[in-house]
Amino acid sequence: RVFGRNAAAVSAALRGAMAQLPVDINPRPPRRNSFEVSLVKEDGSTVELWSGIGKGPPRKLKFPQPETVVEALK
């Protein structure tokens, strides 16, 4: 599936940038037709690093390049 491949690529890129960073893929059921990446801080607050909602068509615009998410993390 496209979502799974993109999630794996983004996860690998984040782990490559910060080895100690725990990465969870879909800890809750995902929103339909969306791809989002969020950072949950130690205090429990959430920062959105990427959202494909409102992007596209074409569908490929809904998925980030892994480097884009790593830059947002930094």
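Which residues does Trp50 touch, not counting residues up to four places away in sequence? In this predicted model, Trp50 touches Phe35, Glu36, Val37, Lys55, Leu61, Lys62, Phe63, Pro64, Thr68 and Val69. The residue is found in strand 2. Its relative accessibility is 15%, and because buried means under 20%, Trp50 counts as buried. One of its partners, Thr68, is 18 residues away from Trp50 in sequence, with 8.4 Å between the two C-alpha atoms.

**Overall architecture**

The chain contains two helices and two strands. Along the sequence these elements follow the pattern α-β-β-α. The radius of gyration of the chain is 12 Å, close to the 11 Å given by the globule rule for 74 residues, so the chain is as compact as a globular protein of that length. Taken along the principal axes, the box filled by the C-alpha atoms is roughly 35 × 25 × 20 Å.

Of the 74 residues in the chain, 27% are buried. The accessible surface of the chain is about 5,600 Å², and carbon and sulfur atoms account for 52% of that surface. When contacts between residues at least 6 apart in sequence are considered, 41% of them join residues at least 24 apart. The chain has 12 positive and 7 negative charges, and the mean positions of the two sets are 12 Å apart.

**Helix 2 and its packing**

Helix 2 spans residues 66-73, and its buried residues are Pro66, Val69, Val70 and Leu73. Seen down the helix axis, these buried residues fall within an arc of 100°, so they line one face of helix 2. The face turned away from the buried side carries Glu67 and Glu71, which are exposed.

The buried residues of helix 2 pack against helix 1 (2-17), strand 1 (36-40) and strand 2 (46-51). Val69 is one of the buried residues of helix 2, and Val69 is also among the residues that Trp50 touches.

**The loop before helix 2**

Most peptide bonds are trans. Two bonds in this model are cis: one joins Gly56 and Pro57, with omega about -5°, and another runs from Pro57 to Pro58, with omega near 5°. Pro57 lies in the loop between strand 2 and helix 2, and Pro58 has its place in that loop as well.

**Two further positions**

Arg32 lies in the loop between helix 1 and strand 1. At 75% relative accessibility, Arg32 counts as exposed. Ala8 belongs to helix 1, and with a relative accessibility of 43% Ala8 counts as partly exposed.

The table lists C-alpha separations for three pairs of residues, including the pair formed by Trp50 and Thr68.

| Pair | Separation in sequence | C-alpha to C-alpha distance |
|---|---|---|
| Trp50 and Thr68 | 18 residues | 8.4 Å |
| Arg32 and Ile53 | 21 residues | 9.9 Å |
| Ala8 and Thr46 | 38 residues | 21 Å |

In summary, the chain has the order α-β-β-α, and the buried side of helix 2 packs against helix 1 and both strand 1 and strand 2. Trp50, in strand 2, is buried and touches residues that include Phe35, Leu61, Phe63 and Val69.

How values were computed: Residues are numbered from 1 along each chain as its sequence is written. This is a predicted model: local features need pLDDT of at least 70, side-chain atom pairs count only at pLDDT 80 or more; totals for chains, interfaces and linings use all residues. Side-chain values use heavy atoms; hydrogens and water are left out. Helices (H or I, at least four residues) and strands (E, at least two) are DSSP runs, numbered from the N terminus. The radius of gyration is taken over C-alpha atoms; the globule rule is 2.2 Å times the number of residues to the power 0.38. Buried means under 20% relative accessible area, exposed over 50%, partly exposed in between (1.4 Å probe, protein chains only). Contact means heavy atoms within 4.5 Å. Accessible areas come from the Shrake-Rupley method with a 1.4 Å probe; for residues, only the protein chains shown count as cover. Lys and Arg count as positive and Asp and Glu as negative; His and the chain ends are not counted. The place of a charge is taken as NZ of Lys, CZ of Arg, CG of Asp or CD of Glu. The arc is that of the directions from the helix axis to the C-beta atoms.
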